[in-house]
Amino acid sequence: ATATATATASTTTSTISQDFLAALPQNIQEEVLQQERMERLRRTATHVQSEANTDPVAFMQQLPTSLRHSVLSEMDDSQLELLPAELRDEARSLRSQRDARTAQMIHERDHFFVADRELQAASALSAL
């Protein structure tokens, strides 16, 4: 009686006929119900995934900030044009920041090399 009560409680949201389940042995009832739950979970996951696939804005907004920044700053111009203005502006801002950091690093590197050459030249002169 307890097994039947459990099966009945499990089928309250089931699409499987109660009469059909009652005619099955308990272990088969549990297997059928488990398969139905797994199929329902699969359909739900597929539905959620298809929603995310159809809405690139929602997908981008769900990404962790650092990953979203990385994706937006590396995105091709043709892809950027498909995004709403808000994300395009964010991508352009991120690119500008990246370009400024790159220019600063190049400037510092060049300054370091010039200073290093001047130091080497001074050392060479003092050795004479």
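Buried means under 20% relative accessible area, and by that cut-off the buried residues of helix α7 are L87, A91, L94 and R95. The legends below walk through a predicted model, beginning with the whole chain and then moving to single sites.

**Figure 1. The whole chain is a predicted model built from 7 helices and 0 strands.** From the N terminus on, the elements run α-α-α-α-α-α-α. The chain has 128 residues, and buried ones make up 16% of them. About 9700 Å² of the chain is exposed, with carbon and sulfur atoms supplying 58% of that area. If you count the contacts with a separation of 6 or more, residues 24 or more positions apart account for 19% of them.

**Figure 2. Confidence varies along the chain, with helix α1 at the low end and helix α2 at the high end.** The mean pLDDT of the chain is 80, and 83% of the residues reach 70 or more. Among the elements, helix α1 (residues 2-10) has the lowest mean pLDDT, 44, while helix α2 (residues 18-22) has the highest, 90. Please keep an eye on residues 1-12: pLDDT stays under 50 there, and the model has 11 contacts beyond four places in sequence for this stretch.

**Figure 3. Helix α7 spans the distance expected from its number of residues.** With 43 residues at 1.5 Å a residue, α7 should span 63 Å. The C-alpha atoms at its ends are 62 Å apart, which agrees. The buried residues of this helix, L87, A91, L94 and R95, pack against α4 (56-62), α5 and α6 (77-80).

**Figure 4. Nine residues form the largest nonpolar core.** Its members are M60, L63, L72, M75, L80, L83, L87, A91 and L94. Helix α7 (residues 85-127) gives the largest share of this core, 3 residues. As background, nonpolar side chains tend to be buried together in soluble globular proteins. A good place to start looking is L72: leaving aside its neighbours within four places in sequence, L72 is in contact with M60, L80, L83, L87, A91 and L94, and also with E90 and R95.

**Figure 5. L87 is a buried residue of helix α7.** How buried is L87? Its relative accessible area is 3%, so L87 falls under the 20% cut-off. Not counting residues up to four places away in sequence, L87 touches V57, M60 and L72. V57 and L87 are 30 residues apart in sequence, yet their C-alpha atoms lie 8.0 Å apart in space.

**Figure 6. S73, in helix α5, meets residues L94, R95 and R98.** Helix α5 covers residues 65-74. At 11% relative accessibility, S73 counts as buried. The contacts of S73 with L94, R95 and R98 leave out residues up to four places away in sequence.

**Figure 7. E90 and R68 form a salt bridge.** The closest N and O atoms of the two side chains are 3.0 Å apart. E90 lies in helix α7 and R68 in helix α5, so this pair ties together parts that are 22 residues apart in sequence. R68 is buried, with a relative accessible area of 15%.

**Figure 8. R95 and D77 form a salt bridge.** Here the closest N and O atoms are 2.5 Å apart. R95 belongs to helix α7 and D77 to helix α6, so the pair ties together parts that are 18 residues apart in sequence. Which partner is buried and which is partly exposed? R95 counts as buried at 17% relative accessibility, whereas D77 is partly exposed at 47%.

**Figure 9. E36 and R40 pair within helix α3.** Their side chains meet in a salt bridge at 3.5 Å, N to O. The two residues are 4 residues apart in helix α3 (residues 26-54), and therefore about one helical turn separates them. E36 is buried, with a relative accessible area of 12%, while R40 counts as partly exposed at 30%.

**Figure 10. E74, R98 and D99 are linked in a network of salt bridges.** The structure holds 7 salt bridges. As a general point, side chains of opposite charge can pair when their charged atoms come close. R98 of this network is also one of the residues that S73 touches.

Terms used: Residues are numbered from 1 along each chain as its sequence is written. Side-chain values use heavy atoms; hydrogens and water are left out. A nonpolar core is a set of buried Ala, Val, Leu, Ile, Met, Phe, Trp, Tyr and Cys residues joined through side-chain atoms within 4.5 Å. Buried means under 20% relative accessible area, exposed over 50%, partly exposed in between (1.4 Å probe, protein chains only). Contact means heavy atoms within 4.5 Å. Accessible areas come from the Shrake-Rupley method with a 1.4 Å probe; for residues, only the protein chains shown count as cover. The expected span of a helix is 1.5 Å times one less than its number of residues. pLDDT is the predictor's confidence in each residue, from 0 to 100. A salt bridge is a side-chain nitrogen of Lys or Arg within 4 Å of a carboxyl oxygen of Asp or Glu.
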